[in-house]
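Q: I have a protein chain in front of me and would like to learn how to read it. Could you take me through it step by step?

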Amino acid sequence: MNVFVVEDAVQVRKRLVEMVRTVPGVTVVGESGSVSGAIEGALNLDTDTLLLDLQLIDGTGFDVLKAVKPHRSNLHVIVLSNFSIPQWRRAALAAGADVVQFDEPCFNIYLDEVEAWGIEALEACMEGVSATR
């Protein structure tokens, strides 16, 4: 599985990339903190899965989903966010996310928590399972 990591917080993105690289059979093909970079990576690289934050420097993960899913309907999308708003969960799933992973407390602060549920979400996508938390 080829994963493209989309997260605007640089330190969190670095940690996510490190975490993804520990999963056997998973390769990081790129990373970005912006909507434009995410769209480019999803459409132009050999990306199977987007690990996607909802809040980005130039827009939202919803903007990415809207631009990418019509062209790449088979792309797996794991949404990660510390904003556990029920409407956002429903909107992300409706926009084409396969896994929506909200976590409290904020994963920008407690990065060790990211590893546990991030790997779980990646494995769920590898198995073709849709899940929410």
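The dialogue below goes from the whole chain to its strands, its helices and one loop.

Q: What should I know about the model before starting?

A: This is a predicted model, where local features need pLDDT of at least 70 and side-chain atom pairs count only at pLDDT 80 or more, while totals for chains, interfaces and linings use all residues. Residues are numbered from 1 along each chain as its sequence is written, and side-chain values use heavy atoms, with hydrogens and water left out.

Q: How many helices and strands does the protein chain have, and in what order do they run?

A: Helices (H or I, at least four residues) and strands (E, at least two) are DSSP runs, numbered from the N terminus. Here the protein chain has 5 helices and 8 strands. Starting at the N terminus, their order is β-α-β-α-β-β-β-α-β-α-β-α-β.

Q: How much of the protein chain is buried?

A: Buried means under 20% relative accessible area, exposed means over 50%, and partly exposed lies in between (1.4 Å probe, protein chains only). Of the 133 residues in the protein chain, 49% are buried. Contacts (heavy atoms within 4.5 Å) can also be sorted by separation along the chain. Among those with a separation of 6 or more, 68% are between residues 24 or more positions apart.

Q: Now the strands, please. Which residues of β3 lie on each side?

A: In a regular strand the side chains alternate between the two faces of the sheet. In β3 (49-53), T49, L51 and D53 are on one side and L50 and L52 on the other, and all of them are buried. Because 5 of the 5 residues of β3 are buried, the strand is largely enclosed by the rest of the structure.

Q: Which strands pair with β3?

A: Two strands pair if DSSP finds at least two bridges between them. β1 and β3 are parallel, with 4 bridges, and V6 has L52 as its bridge partner in β3. Strand β6 (residues 76-81) also runs parallel to β3, joined by 5 bridges; there, L50 stands opposite V77.

Q: What can you tell me about β6 itself?

A: With 5 of its 6 residues buried, β6 is largely enclosed by the rest of the structure. β6 also runs parallel to strand β7 (residues 99-102), through 4 bridges. In that pairing V79 stands opposite V100.

Q: Let us turn to helices. Why are the buried residues of α2 on the same side?

A: An α-helix has 3.6 residues a turn, so residues three or four places apart point the same way. In α2 the buried residues are V35, G37, A38, G41 and A42. They cover an arc of only 165° around the axis, which puts them on the same side of α2; the arc is that of the directions from the helix axis to the C-beta atoms. The face turned away from that buried side carries the exposed residues E40 and N44. Among the elements that the buried residues of α2 pack against are β1, β2, β3 and α3.

Q: Which residues of α3 are buried?

A: They are G61, V64, L65 and V68. They cover an arc of only 95° around the axis, which puts them on the same side of α3. Their cover includes α2, β3, β6 and α4 (86-94).

Q: At what angle do α2 and α3 pack?

A: Axes are lines fitted to C-alpha atoms, for helices over the stretch in contact, and angles run from 0 to 180 degrees between N-to-C directions. Helix α2 (residues 35-44) packs on helix α3 (residues 61-68) at an angle of about 35°, with the axes 9 Å apart. V35, A38, I39, A42 and L43 from α2 meet D63, V64, A67 and V68 from α3. A67 is partly exposed, with a relative accessible area of 26%, and its C-alpha atom is separated by 9.8 Å from that of A38, 29 residues apart along the chain.

Q: One loop to finish: which residues does D58 touch?

A: D58 is in the loop between β4 and β5. Not counting residues up to four places away in sequence, D58 touches S34, V35 and S36. The C-alpha atoms of D58 and S36 are separated by 7.9 Å, and the two are 22 residues apart along the chain. D58 is partly exposed, with a relative accessible area of 44%.
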